[in-house]
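Please open the model in your viewer and keep the sequence panel beside it. The tour below proposes a series of selections and describes what is found at each.

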Amino acid sequence: MEGPITTMSQCCIAARDFALGDLSGDGYPDLAIATGYMSLMMKASERSVLYLNDGGRRMWDVSAGSGFDDPALGISVAVSDINRDGRPDLFLANTNASNRLFLNREPGGNFVHLDLRGLVSNSYGLGAEVTALVGGKPFKAVVQPGGEYASSSEPGMTIGLGSSKAAQRVTVMWPSGMVQALGDLPAGTWKTVKEPAGAVVDAGPDGTASSSTEVMLHGTLHGTALAQPSYSWIFHGPTGDQTLPGKDVMFAPVAPGVYSAEFTVLDRFGALFGSDFCIMRVSDTTAPTIDVQMPPKATTAAAVVFNGSNITDNDPAFKAGGKVEWTFRNGANTVTATGFNPSVKLVQPGRWNMTVKATDLSGNVATRSIEFQVTGIAPPPINFEMVAWAIAFVALTIIGLAVASTRIFRGAGAQVPLADISEIQPSDIRGPHIDAALEDDDGQHALEEE
Ligand SMILES: [Ca+2]
Ligand SMILES: [Ca+2]
Ligand SMILES: [Ca+2]
């Protein structure tokens, strides 16, 4: 609770447990301390201590006469308005004496009491922050009843008003982050506050869009306000996910298709508070883009491949299902082709006009025309070296044929190798055919007879 403790009446209290509660109903928390220090040093004469908060300026020790400081080893203290009179009472648990319940008879001011019931948050709204204006001053307290040793204060919240007639602009900020405004509550109000359960995250209705127009989407949170929320949209589409921060966003789809648009709300701790989605159907109103790579040379000699690989469209299905048509014109000559990379033979030399027409799956059309030159087939240049080789080849062939003819006619079948005749020995010209010619009648060789 707010209301700073500025001065302690004494120091070095061996506190075993403590509890805060506005015992005096002035809007400032008071303090009860159980001092039964559980150690070998503990003394049966320990006293629990009670302090009243003097308007945030100092703490007064009011133990004496309250009965709260009777000698006993107090180990646990809790605050709860037992008799429901708007004044928090005290419960003190002792180890060596009876437990004690103290009813609060401090003459105090007005009050407003709130009991919180969480629905999205925890049941008692533990951790909820309650703020208000009391007598023109801000009041702020956190519902945190637990924490005492083996006990718990009640989870309710008492707003001490002093002499003020009302707590103004009372607001509960729930642990969920939902902010619930209660308005002005008059003194004596005893109210059970339920956390809003009807909080609905709404992405809005399903809709349509096109690839050439933006659409604004509005996310809403019905039924409550949320403290420090974070809003975002995630569009799950044909080309992947796209995230846009904010509650109201401009949806500018590029690719056509069906998108799931998910609106997400995070609470102040970054935890998911809720989400919703809608369906956006995006039509294709964007024509393809034509980018053609012209071949470096086009001749009548051979077919040429025209590169349309860079013809693209916003529709990812274009490459598979789109249509690309090519028309080549040269006077009365017309050649057509289809596909992204057609192979085209243009037999007429001269200036040609090429028109490329790309049509996406939704019927959007783009065209582009390009002029280019087709060259004819020129006679090959004379290569004198080749001519010389050819002449030489022909000459050698003629010579070879002549030699062969000569040998055939001269030899009449005598297969005698040409040689220096002076070196020819009789045996060199001996052979079956010679031998037969030189044999005499008695079968002897004529040369041998010589
Ligand atoms: Ca007080
Ligand atoms: Ca009471
Ligand atoms: Ca398109």
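Begin with an open sheet of four strands, whose order is 27-26-29-30 and whose pairing is antiparallel. Strands (E, at least two residues) and helices (H or I, at least four) are DSSP runs numbered from the N terminus, and two strands pair if DSSP finds at least two bridges between them. Strand 27 (333–338) and strand 30 (365–374) each have a single partner strand and stand at the edges, so one side of each is left without a neighbour in the sheet. On average, neighbouring strands here are turned by 15 degrees against each other, direction ignored; axes are lines fitted to C-alpha atoms, and angles between N-to-C directions run from 0 to 180 degrees. Within this sheet, select strand 26 and strand 29 (residues 350–359), which run antiparallel and are joined by seven bridges. R329 stands opposite N353 in strand 29.

**Orientation and confidence**

This is a predicted model, in which local features need pLDDT of at least 70, side-chain atom pairs count only at pLDDT 80 or more, and totals for chains, interfaces and linings use all residues. Residues are numbered from 1 along each chain as its sequence is written, while chains are lettered from A and ligands numbered from 1 in the order in which they are written.

Colour the chain by pLDDT, the predictor's confidence in each residue, from 0 to 100. The protein chain averages 84, and 83% of the residues score at least 70. Confidence is highest in strand 26 (residues 323–330), at a mean of 97, and lowest in helix 4 (residues 446–449), at 41. Over residues 1–10 the pLDDT is below 50, and this stretch has 22 contacts in the model beyond near neighbours in sequence; a contact requires C-beta atoms, placed from the backbone, to lie within 7 Å. Residues 443–450 also have a pLDDT below 50, with eight contacts beyond near neighbours in sequence. Where pLDDT is low, the predicted coordinates should not be read in detail.

In the whole protein chain there are four helices and 30 strands. Of its 450 residues, 29% count as buried; that term requires 20 or more other C-beta atoms within 10 Å of the residue's own, whereas 12 or fewer make a residue exposed and values in between make it partly exposed, with C-beta atoms placed from the backbone.

**A three-stranded sheet**

Next, select strands 11, 8 and 14, which form an open sheet in the order 11-8-14 with mixed pairing. Strand 11 and strand 14 (190–194) are the edge strands, each pairing on one side only. The average turn between neighbouring strands of this sheet is 20 degrees, direction ignored.

Strand 8 (residues 110–117) runs antiparallel to strand 11, and five bridges join them; F111 stands opposite G160 in strand 11. Strand 8 pairs with strand 14 in the parallel sense, also over five bridges, and L116 stands opposite V193 in strand 14. Strand 11 (residues 157–162) is mostly covered, five of its six residues being buried.

**The nonpolar cores**

Which residues of the largest nonpolar core touch the most other members? They are V130, I159, A167 and A261, in a core of 41 residues. A nonpolar core is a set of buried Ala, Val, Leu, Ile, Met, Phe, Trp, Tyr and Cys residues joined through C-beta atoms within 7 Å. Strand 12 (residues 166–173) gives the most to this core, with five residues. Select I159 and display its contacts: not counting residues up to four places away in sequence, I159 touches F111, V112, A132, V134, F139 and A167. A second, separate core has 21 residues, including A32, V49, M59 and I75.

**An alternating strand**

Move to strand 22 (residues 248–251), where V249 and F251 point to one face and are buried, while D248 and M250 point to the other and are not. Strand 17 (residues 215–218) pairs with strand 22 in the antiparallel sense over four bridges, and V215 stands opposite F251.

**Two arginines with positive phi**

Finally, select R84, in the loop between strand 5 (74–80) and strand 6 (89–94). R84 is not a glycine, yet has a positive phi of about 55 degrees. It is exposed, with 11 other C-beta atoms within 10 Å. R169 lies in strand 12 and has a positive phi of about 50 degrees; with 15 other C-beta atoms within 10 Å, R169 is partly exposed.

Methods:
Contact = placed C-beta atoms within 7 Å.
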